[in-house]
Structures are given as structure tokens and as C-alpha cells.
Amino acid sequence: MIIRRVRFDHPDAVKLNDEVQAEYHLRYGDGGDATTLDATDFNPPRGVYLIAYDEYDRPVATGGWRSQDRNEEGNEDGDAELKRMFVVEQMRGRGLARRILAALEEDARAAGRVRMVLETGTKQPEAIALYTSSGYEPCAKFGYYRHHEESLCYAKRL
């Protein structure tokens, strides 16, 4: 696997984002994640977006982080918010998400962020297992879905 930094509006990022949105819709029936994202949210040094490519140069996994500071949605100063973690179905179970997560944590730490935070949902047990086994702990709800019953929020000190 080769992990590359790309813009959030890169064609491969758009393709994988469409796939993850379709999966969210299947799991939750709500059309996908409605959180507002802008391509510039992931521009270094205030964020980064990564794609893992297989040996045939196909995009197979993705994830990014964006800077957040204290706001009305419950974030704290120094937060790095994890977004769009996704592995295509045929590549799951190979540790790709864990590799992307580690790279994102390292990048956010190097950028001076102090806490990685994320929102996931009750219908994503694989994500919950990844995050809890990687040292993430439940935290106060934040973000777009903070008032939704199916929303779960986790944090980890960097």
C-alpha cells in the first residue's frame, strides 16, 4: 500500500467519498453524512486528507482530519476532527484503516493538535472496534450529530 496526501476534491477522494456516503445511507437510511465539509478544511497545516492505493494504483482507503477549536458544536481548542475514514469492502480486514488512522494521528500531532476527536454511529460496529482498540474513549458529544441518539463521539489525546 502507498498512502498519499491528496486534496479532498481530488477525483479519487470524491469517488471514495461517494462510496462512504452510499454506505452510510444503507446503514442509516438518511442519505449519508450531512456534516458540512469543504475541500480547504483538509489543507495543511490545518488538516490533511489521505488515500491508500493498492499495487494497481486503485484508491482503496481514505481518511482525513481537520482543525477544530472551541465552538458552538462542542469542540475544544486544539481538536483534530477525524473525517471520512473508509475502506472499500473488498480490502477490509487487512489493517488499512489502522494504518490510515496512525498516519492521521501522527500528522495532527506534528501540526500541534492535542486531541483527535470523531463522531461515528451505533450502526458502525467495525468503526467502534477500531477506535476503542486504538485508545479512543467516549467523550462529550460534539458536531453536527451531537443531538442524535445514534451518534457516538470518541476522543484520544495526541
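**View 1. Glu23 and its contacts in a predicted model.** Glu23 touches Phe86 and Arg92, leaving aside residues up to four places away in sequence. The structure shown in this and the following views is a predicted model. Glu23 lies in helix α1. Is Glu23 buried or exposed? Its relative accessibility is 19%, and buried means under 20%, so Glu23 counts as buried. Glu23 and Val88 are 65 residues apart in sequence, yet their C-alpha atoms are 10 Å apart in space.

**View 2. Helix α1 from end to end.** Helix α1 covers residues 11-28, which makes 18 residues. At 1.5 Å a residue, a helix with this number of residues should span 26 Å. The C-alpha atoms at the two ends of α1 are 26 Å apart, so the model agrees with the expected span. After α1 comes Gly29, which has a positive phi, near 65°.

**View 3. The two faces of helix α1.** Which residues of α1 are buried? They are Asp12, Ala13, Leu16, Asn17, Val20, Gln21, Glu23, Tyr24 and Tyr28. Seen down the axis of α1, these buried residues fall within an arc of 165°, so they line one face of the helix. The exposed residues Pro11 and Leu26 are carried on the face turned away from the buried side. The buried residues of α1 pack against four strands: β2 (47-53), β3 (59-68), β4 (79-87) and β5 (115-121).

**View 4. The sheet and its edges.** Seven strands form an open sheet with mixed pairing, and their order across the sheet is β1-β2-β3-β4-β5-β7-β6. Which strands lie at the edges? The edge strands are β1 (2-5) and β6 (137-138), each of which pairs on one side only. Strands of a sheet pair through backbone hydrogen bonds, either parallel or antiparallel.

**View 5. The pairing of β6 with β7.** Strand β7 comprises residues 151-157 and pairs with β6 in the antiparallel sense. Two bridges make up this pairing. Pro138 stands opposite Tyr154 in β7.

**View 6. Helices α2 and α3 on the sheet.** Helix α2, residues 96-110, packs on the sheet and touches β1, β2, β3, β4, β5 and β7. The direction of α2 makes about 30° with that of β3. Helix α3, residues 125-133, also packs on the sheet, where it touches β4, β5 and β7. The direction of α3 makes about 160° with that of β5.

Methods
Residues are numbered from 1 along each chain as its sequence is written. This is a predicted model: local features need pLDDT of at least 70, side-chain atom pairs count only at pLDDT 80 or more; totals for chains, interfaces and linings use all residues. Side-chain values use heavy atoms; hydrogens and water are left out. The expected span of a helix is 1.5 Å times one less than its number of residues. Buried means under 20% relative accessible area, exposed over 50%, partly exposed in between (1.4 Å probe, protein chains only). The arc is that of the directions from the helix axis to the C-beta atoms. Contact means heavy atoms within 4.5 Å. Two strands pair if DSSP finds at least two bridges between them. Axes are lines fitted to C-alpha atoms, for helices over the stretch in contact, and angles run from 0 to 180 degrees between N-to-C directions.
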